[in-house]
Amino acid sequence: MILELQGISKRFGGLVALKDISLNLDEGQILGLIGPNGAGKTTLLNVISGSLRPDNGYIRYQGKEISKLSSDRRCQKGISRTFQISRPFSKMTVLENVMVAAIFGDRSQKQEPPRDRALSALRFVQFSIDENTLAENLNTVQLKRLDLARALASNPSLLLLDEIAAGLTPLELADLVGVIRHTRERGVTIIVVEHLMRMILRLCDKIVVLHYGEKIAEGTPEEICQDKRVADAYLGENYLL
Amino acid sequence: MSTGGSHRWVVLSPLSLFLLAVLSVLPLWVQDEYLLQLLISSLLLGSQAMAFDFTAGFINVINFGFSAFVGAGAYTSALLVLHWGISPWLGPLGGAVASAALGFFSGVLTLRLQGIYAAVMTWFVGLTLLSLTASLSGLTRGYRGLNVPLFLETAARRPYFYIIFGVTFLTFVSLRWTGSSRVGLAFRAIGQNLESARASGVNPTKYRVINFTLSCAFAGLLGGFYAHFLGILTPDVMHSRQTVEVLALAYIGGRGSLWGGLVAAFIFVPLFEYLKPLMELRLVIYGVLLILVMIWCPGGLAAIYTQLKQQVRWPFMQR
Amino acid sequence: MLGPTALWDLFVTGIFRGGMYALMAVGLSLVFGVMNIPHFAHGEFYMLGAYTAYFAFAVFHFPAFMAILSAASMGLLAGVLVEKLVFYPLRRRHPEEWVLNTFLVTVGLSFVMQNAALAVWGGQYRGITQYWQGAIQLGSGMHISLDRAISFIVAIFCIAVLWWFLDFTRTGKAIRAVAQDETGALLVGIDLDQIHTITFGLSSLMAAIAGASLLSLNPAYPSVGLAPLYKSWYVVVLVGLGNMAGAIPGGFLVGLLETFSYYAFGSGWQDVISLSILILILLLKPAGLFGNRGISLSKA
Amino acid sequence: MLKAGPLLTVTQLESGYNHLQILWDVSLKVLKGEMVALLGRNGAGKTTTLRTIAGLLKPKAGQIDFMDHRIDGLPAHEISRMRISFVPENLHLFPAMSVMENLLLGAYGIRDPGRTKGSLAFVCDTFPALARRRKQLAGSLSGGERRMLALGRGLMSQPELLLVDEPSLGLAPKMATTVFDTLSKLKLAGLTILLVEQNVHTTLQISDRSYVLEQGRIVMEGRSKELMKDDHVCKTYLGSGDD
């Protein structure tokens with residue numbers, strides 16, 4: 001088991017963003033996290049990546065408690081994430097953006113120089129633009145790829161993807177699914193937050209449904225599609241197979 | 001072909017080497033003591049602007065108490081020489097250490113603060129240092145001023161030029177080298193986007209403190225040289241006015257470029273001296289320039305240079 | 001130690017001092033709360049007010065109140081001009097990193113105004129002995145000059161009028177709306193540019209009034225605005241940037257603190273003490289003593 | 001009703017944020033008295049369309065006409081004064097002001113106190129809950145009440161056209177029903193509404209016509225009743241399983 005969440009809760013003032021969430025993730029799995037807007041999906045990712053501290057509960061990663069670690073330490077330990085809205089280092093080149101993660105995010109003493117690792121991460125996500133372009137000149141689709149390359153450059157064991165497919169054309173989407181599958185084949189465990197049911201159902205081994213901060217269902221794609229509560233709360237009554 | 005980007009492992013470009021070389025032989029022709037004095041002033045202010053830019057342009061925190069750190073270095077060096085009889089050649093090193101310690105402390109103070117709050121914090125730290133220096137009149141003689149031993153017994157300016165030139169060169173090369181190293185990459189990352197920097201494994205606390213310490217160390221070093229060059233110190237060296245002058249040079253030169261501030265100093269310090277009838281308007285022009293740069297050309301001279309380079313170079317390269 | 005009379009005298013001095021700080025700080029807060037500008041040139045409008053009042057009163061022999069009024073108009077005019085010439089184009093061209101950039105711009109502005117004053121009027125002090133003759137006696141036997149008392153009343157009056165304006169007029173409400181939610185303000189049809197100009201004008205007007213009404217105590221000279229600037233920044237950082245309601249008690253608090261620490265530690269050291277207190281507060285409560293209720297920091 | 005032309009015409013609109021374009025070639029019409037819905041997934045460009053019409057975003061290309069005026073590129077406050085009200089998804093209320101002050105600011109563009117009074121009476125009538133809480137600060141209201149207040153504030157300027165973004169978002173189902181009822185009533189009262197809503201089912205039921213946006217382009221339009229039977233819409237938005 002690579003990741004284990006136990007009783008995670010998070011409040012923002014009066015708003016309960018996460019309520020007693022527990023879940024387990026085995027190595028090499030792809031977990032899909034779905035739920036309506038405001039269900040707490042991104043909050044959960046933030047808690048796992050360390051940008052937010054939970055009010056209650058603990059997070060165990062590779063058998064060790066990591067609740068108290070800062071997000072940069074977690075990144076060095078192999079938890080990488082992408083952002084829903086890409087936040088590049090806009091005055092740096094594409095290559096430099098990725099190199100930051102290759103240098104500081106990967107503490108395994110590798111022989112390969114960071115520059116090469118950064119370049120291979122860019123190649124891996126099929127980044128097609130000149131790597132010396134400044135990040136501020138990229139469009140959304142390119143920024144999302146850059147973000148993914150950055151996350152991969154720190155050589156993660158656990159990768160958190162936050163709505164990485166939003167706004168992609170079907171063709172780009174197919175490419176992306178390919179990249180994610182490849183990543184998994186390299187032994188990376190992945191959590192995907194996504195609205196596109198089609199993609200989630202195709203990609204994931206396991207799905208967790210959040211609804212107003214609560215986990216209302218967990219299971220294989222087939223189980224989720226047949227779950228009455230999920231149908232009521234999220235998919236709508238007509239989603240039943 | 002260069003690999004592009006600003007992540008160069010070669011610290012000095014041929015152009016900057018050429019300009020520095022020209023600068024180093026300039027005093028052989030320039031006999032006029034007054035002109036030499038101007039060159040020295042430009043060097044001193046320009047290197048301060050570089051040290052300032054090392055924080056403002058890289059980690060995006062405005063050290064609004066900058067001159068207080070310069071002053072702290074100057075006073076430390078002067079007092080070390082006066083009271084403990086240390087050679088003026090070593091005093092500035094003591095100044096650098098003292099300012100570095102203060103910088104480390106300020107770096108820690110501003111850790112939790114972003115943007116304007118961090119600037120205000122450094123401003124208050126600077127004001128505290130200023131009023132402390134003025135109040136400790138037993139030690140510093142307050143506003144009556146402190147007489148500081150000079151480096152040399154001579155009144156000639158040329159030796160001083162080479163001393164200050166050496167310090168500027170050292171400042172430029174060290175800051176430039178650090179800025180283009182991995183550490184510099186971390187600085188720029190936390191300056192541009194803290195959240196992404198963290199997500200890439202950069203520890204913002206560590207690098208912010210390192211940056212502050214380094215920048216202030218150079219501020220202190222420069223302060224020390226300033227003290228033994230000028231021969232007299234008053235708490236006014238720590239005034240916000242001085243910070244603003246350095247800040248204006250750094251921003252007019254182009255934030256994040258380091259060399260921009262130095263170039264700006266060489267343009268504006270002599271220019272304003274030359275326009276002596278306009279002396280009273282000197283600072284007005286500084287202010288107006290700063291405002292105009294902020295509104296119309298936030299990248300400063302460095303951005304203009306980059307644009308020119310692109311426009312000029314393309315025809316050559318597409319031969 | 002301190003007898004009750006001396007204590008009372010100190011207290012009154014502190015309160016009188018604090019009234020002016022409150023007036024300056026409210027203007028600073030207004031500009032930050034509505035426009036998100038950390039205003040470093042606020043003191044220069046104080047300076048402008050002082051000079052205007054000096055020329056009006058001592059050179060053109062206007063009556064005292066007219067002198068203060070002309071300073072107010074000059075402050076308003078200068079504020080409007082600066083907003084239109086500087087902040088308006090900046091907002092159009094570079095809305096990103098607004099807070100830090102406007103800070104730098106106001107730093108430049110302060111340089112320009114201060115040194116322009118130096119170039120035009122020279123460095124000498126231009127003061128008046130008094131606007132009004134006489135003094136009033138407070139219960140303890142302490143005398144306070146009429147000027148000081150009236151300047152205090154002017155400060156309180158200005159703050160009250162501003163409050164009334166923000167609370168009850170259509171434009172005032174629009175100003176508060178912009179401070180709370182810029183997009184919301186746009187959506188109900190509020191012209192942001194207009195509100196920004198009015199806001200900056202008002203804040204400059206208040207600083208000019210402060211400079212004018214204190215003229216007999218602090219003569220006009222180019223850098224006379226520096227001390228009021230420090231003090232008003234001190235207040236707004238203490239209570240939280242942009243917290244306008246907090247700036248009033250904050251002003252009095254700082255006035256009292258200063259008077260008492262001056263008494264206790266003597267001149268020079270009180271700056272060190274009060275700045276250290278402030279650094280401590282900024283460190284422990286970055287949002288200020290009272291937080292930043294009632295304003296939007298969304299763009300910060 | 002006398003005019004044959006549409007109230008709002010959007011022609012080949014392109015829009016987005018800075019470097020990223022979100023809308024490509026969006027054209028739509030809203031006739032007077034109609035309730036028109038914009039459907040589509042998250043990120044399809046629905047909100048961007050509304051924000052561009054409301055003037056919060058500058059269009060990169062295309063044209064927007066409203067009641068014989070060309071309004072594209074006008075600043076938001078001017079568009080608001082031309083009687084287009086936008087009720088955004090995140091409301092943008094003035095949290096430190098009372099309900100009453102929020103409402104009165106909604107009529108900022110109307111300088112006639114008589115008319116303001118009229119709007120106020122109408123809004124209080126439509127949302128009795130707001131009338132009861134008129135002294136309370138907007139920031140202290142519950143989610144549903146805030147939504148009501150935003151709608152109420154939007155109505156205060158007596159708009160010709162109401163743009164509503166996700167009015168049921170984050171609301172309890174019961175409250176959402178109330179909101180939809182209110183919108184239907186407003187429509188019956190003669191108000192023209194352009195609606196963006198995730199709850200496709202209800203939206204298709206209460207609206208007259210709908211446009212479907214996908215990846216920043218209009219891919220389908222038609223009468224809502226017919227769209228409800230359409231294969232693509234059923235599969236993608238009403239969901240009958242994986243397509």
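## Exercises on a predicted four-chain model

The second largest pocket holds about 1200 Å³ of space. The model is predicted.

**Exercise 1.** Find which residues lie closest to the centre of the second largest pocket, and describe its lining by class and by helix.

*Solution.*
- Step 1. The lining has 38 residues. Closest to the centre are C:Leu226, C:Ala227, C:Pro228, C:Tyr230 and C:Lys231.
- Step 2. Sort the lining by class: 22 residues are nonpolar, nine are polar and seven are charged.
- Step 3. Assign helices. Chain B supplies at least two lining residues from helix H5 (115–135). In chain C, H1, H5 (146–168), H9 (226–239), H10 (244–265) and H11 (269–284) each supply at least two.

**Exercise 2.** Locate the largest nonpolar core and say where it lies relative to the two domains of chain A.

*Solution.*
- Step 1. The largest core has 296 residues. Those with the most contacts inside it are A:Met199, B:Ile62, B:Phe124, C:Tyr131, C:Ile190 and D:Leu8.
- Step 2. Its largest share, 15 residues, comes from helix H1 (residues 4–35) of chain C.
- Step 3. In chain A, domain 1 (1–78 + 156–241) and domain 2 (84–155) both give residues to this core, so the core lies between them.
- Step 4. Check for another core. A second, separate one has 32 residues, including D:Val99, D:Val123, D:Leu151 and D:Leu171.
- Step 5. Zoom in on C:Tyr131. Beyond four places in sequence, C:Tyr131 touches several residues, among them C:Phe57, C:Ile68, C:Asp147 and C:Leu215.

**Exercise 3.** Decide for C:Ser204 and for A:Ser128: buried or exposed?

*Solution.*
- Step 1. Place C:Ser204. This residue sits in helix H8 (residues 192–213) of chain C.
- Step 2. Apply the cut-off: buried means under 20% relative accessible area. C:Ser204 has 0%, so C:Ser204 is buried.
- Step 3. List its contacts beyond four places in sequence: C:Phe45, C:Gly75 and C:Gly79.
- Step 4. Place A:Ser128. This residue is in the loop between helix H4 (114–124) and helix H5 (140–153) of chain A.
- Step 5. Exposed means over 50%. A:Ser128 has a relative accessible area of 72%, so A:Ser128 is exposed.
- Step 6. Add a distance. The C-alpha atoms of A:Ser128 and A:Ala17 are 38 Å apart, with their positions 111 residues apart along the chain.

**Exercise 4.** Identify which pair of chains shares the most contacts, and which pairs have none.

*Solution.*
- Step 1. Four pairs of chains are in contact; chains B and C share the most contacts.
- Step 2. Chains A and C have no contact, and their closest C-alpha atoms lie 12 Å apart.
- Step 3. Chains B and D have no contact either. Their closest C-alpha atoms lie 18 Å apart.

Technical notes
Residues numbered from 1 in each chain as written. Chains lettered and ligands numbered in written order. Predicted model: local features only at pLDDT ≥ 70, side-chain atom pairs only at ≥ 80, totals over all residues. Heavy atoms only, no water. Core = buried A, V, L, I, M, F, W, Y, C linked by side-chain atoms within 4.5 Å. Buried < 20%, exposed > 50% of the residue type's maximum accessible area, 1.4 Å probe, protein only. Helix = DSSP H or I, 4+ residues; strand = E, 2+ residues; numbered from the N terminus. Domains from an automatic or database assignment. Contact = heavy atoms within 4.5 Å. 1 Å grid on protein atoms, 1.4 Å probe; cavity = no way out; pocket = protein on both sides within 12 Å on 5 of 7 lines; lining within 4 Å. Points joined across faces, edges and corners; volume = space filled by probe spheres on them. Nonpolar A, V, L, I, M, F, W, Y, C, P; charged D, E, K, R; others polar.
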